[in-house]
Amino acid sequence: MPSRRLRAEVLDLGKRAAQGLAALGEALGTRPRLREALRSGRVRLRAAQTVLPVALGEAEAQWVERAARCTVRELEAAVRRARSGEPEPEDDWVRLGAQLGDDERLVVDAALDLAGEIMPGASRIERLEAMAQEILGSVPGDPDAPRPLGQAFRPLGGREAARREALEGETERWAILEPVPDWTAPDLPADKTATAERVDRRLRTLARVRKSWDDVVGSCAAIVKRSGMHLRLGFASFRHYAEERLGLEGKTVEQRAKLEERIWRSPALQEARRQGVSYERMRLLARLSEDEIAAWIPRAKALTVVALRREVEGEVERKMRASHRMGVAMPRRIAAVLAAAFDAVRAVAGAVLSPGRCLAFIAAHFLETWRPLVKPKRTRSRQVRERDGGCCKVPGCSRRAAQSHH
């Protein structure tokens with residue numbers, strides 16, 4: 001698995017993309033049929049990654065044939081059936097949005113800090129979940145009962161499986177479109193006896209080649225997305241088009257298209273690109289307003305991706321505080337727990353409270369329950385973690401630190 005520093009600083013890859021490629025590369029060593037089908041272009045990257053967990057042993061040949069002829073949606077359903085009983089990956093995320101007054105924000109922040117004392121190293125999402133579970137455990141009702149999330153939660157990725165299935169049938173799997181020809185991968189034999197230095201040099205060379213194509217892919221993807229051509233061709237979304245027509249990871253291509261569209265509208269980001277700012281850093285700068293980006297370009301070039309992410313996220317958080325807003329992206333599973341907690345709070349209050357008021361109520365209950373039980377000690381480990389913002393300071397590491405030596 002590539003280290004965070006190698007992945008972000010040298011290969012200029014996002015965490016998910018790097019982990020996916022590393023897992024695929026490692027597994028292909030024991031899956032000769034899938035490796036050959038992928039290298040020949042008969043099986044596309046997205047399909048290979050989908051069947052990777054089940055294309056094993058005697059079943060490998062069968063799954064390779066499926067990957068060559070089935071859509072990604074069909075493959076995902078078949079893999080789920082084959083792995084019945086195993087949890088599905090959490091790709092479905094939503095964003096919680098809430099307005100918080102000054103007093104409400106103080107209560108929520110205090111509860112989050114206390115949850116961090118109880119669970120060192122826990123993320124903000126995990127702390128919110130713990131706060132919600134606490135109040136659900138103290139009120140009657142079934143927290144697991146199915147319920148809509150409510151308007152406080154906005155989907156970050158559409159649930160479009162039914163739409164995809166319908167369009168695949170209507171278009172006979174896009175029979176009107178000319179098939180995309182197979183493209184054989186270049187011959188780059190792996191040398192298992194190579195030193196780490198040789199592998200590093202090769203990775204850097206390949207990363208430069210990939211980067212030369214990335215801008216072209218991003219620009220073309222943005223043109224297709226803006227034109228709406230993918231919808232007229234019979235795809236449910238641009239991500240659907242990227243996965244089925246291009247055979248690529250849909251979310252990755254969608255992110256590149258979105259960034260390219262932002263660059264088209266932003267002279268400051270165009271200048272950052274001219275100065276050689278990497279893709280991952282450009283994605284972070286794109287979160288800032290146009291009049292801020294120019295001042296951040298020198299910092300983007302000087303800081304590591306991890307350090308820049310923390311600074312940009314801190315700036316975004318300060319703006320949200322100034323506007324009395326709170327926004328947190330989380331898996332739908334955790335959002336369902338918070339939605340249940342909101343319903344419990346409203347039932348206790350006998351009124352329809354805003355999400356911000358509900359959060360403050362949940363936070364106050366958590367403080368009332370746990371503050372008498374937690375006696376924070378001014379240990380050296382605690383002082384070091386407070387000094388470093390609760391994060392590991394090793395260059396390239398993005399983990400929250402539970403110990404002062406991490």
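Two strands are taken to pair if DSSP finds at least two bridges between them. With that criterion in hand, the tour of this predicted model begins at its sheet.

**First stop: the three strands**

Select strands E1, E2 and E3. They form an open sheet in the order E2-E1-E3, and the pairing is antiparallel. Strand E2 (153-155) and strand E3 (325-331) occupy the edges; each has a single partner strand, so one side of each is left without a neighbour in the sheet. Neighbouring strands are turned against each other by 25° on average, direction ignored.

Next, display the residues that face each other across the strands. E1 (residues 93-99) is joined to E2 by three bridges, and the two run antiparallel. On this side of E1, Val 94 lies opposite Pro 155 of E2, and Arg 95 lies opposite Arg 154 of E2. Towards E3, the antiparallel pairing of E1 extends over seven bridges. One place to look here is Ala 98, whose bridge partner in E3 is Met 326.

Now show the side chains of E1. Which of them are buried? Val 94, Leu 96 and Ala 98, which point to one face, are buried. Trp 93, Arg 95, Gly 97 and Gln 99 point to the other face and are not buried. The side chains thus alternate along the strand.

**Second stop: helices on the sheet**

Add helix H8 (residues 124-136) to the selection. H8 lies across E1 and E3, and its direction is at about 90° to E3. Then add helix H19 (residues 355-370), which packs on the sheet and touches E1 and E3. The direction of H19 makes about 90° with that of E1.

**Third stop: H3, H5 and H6**

Move to helix H3 (residues 32-40) and helix H5 (residues 60-69). Their axes are 8 Å apart and meet at an angle of about 20°. Angles under 35 degrees count as roughly parallel, and H3 and H5 are therefore roughly parallel to each other. Their crossing is right-handed. To see the contact itself, select Pro 32, Arg 33, Leu 34 and Ala 37 in H3 together with Glu 60, Ala 61 and Val 64 in H5. These contact residues comprise five nonpolar, no polar and two charged.

Keep H5 in view and add helix H6 (residues 72-82). How do these two helices pack? The angle between H5 and H6 is about 155°, with the axes 10 Å apart; H5 is therefore roughly antiparallel to H6. From H5, the contact is made by Trp 63, Arg 66 and Ala 67, and from H6 by Leu 75, Ala 78, Val 79 and Ala 82. By class, this contact has six nonpolar, no polar and one charged residues.

Remain with H6 and colour its buried residues: Val 72, Arg 73, Leu 75, Ala 77, Ala 78 and Val 79. Among the elements that cover them are helix H4 (45-51), H5, helix H9 (161-170) and helix H12 (238-246).

**Last stop: Glu 292**

Finally, select Glu 292, which is found in helix H16 (residues 290-302). Is this residue buried or exposed? Glu 292 has a relative accessible area of 17% and is therefore buried, the cut-off for that class being under 20%. Residues up to four places away in sequence are not counted among its contacts; with these set aside, Glu 292 touches Glu 315 and Lys 319.

How values were computed. Residues numbered from 1 in each chain as written. Predicted model: local features only at pLDDT ≥ 70, side-chain atom pairs only at ≥ 80, totals over all residues. Heavy atoms only, no water. Helix = DSSP H or I, 4+ residues; strand = E, 2+ residues; numbered from the N terminus. Axes fitted to C-alpha atoms, helices over the stretch in contact; angles between N-to-C directions. Contact = heavy atoms within 4.5 Å. Parallel < 35°, antiparallel > 145°, perpendicular 65-115°, else oblique. Left-handed = near helix turned anticlockwise from the far one by under 90°. Nonpolar A, V, L, I, M, F, W, Y, C, P; charged D, E, K, R; others polar. Buried < 20%, exposed > 50% of the residue type's maximum accessible area, 1.4 Å probe, protein only.
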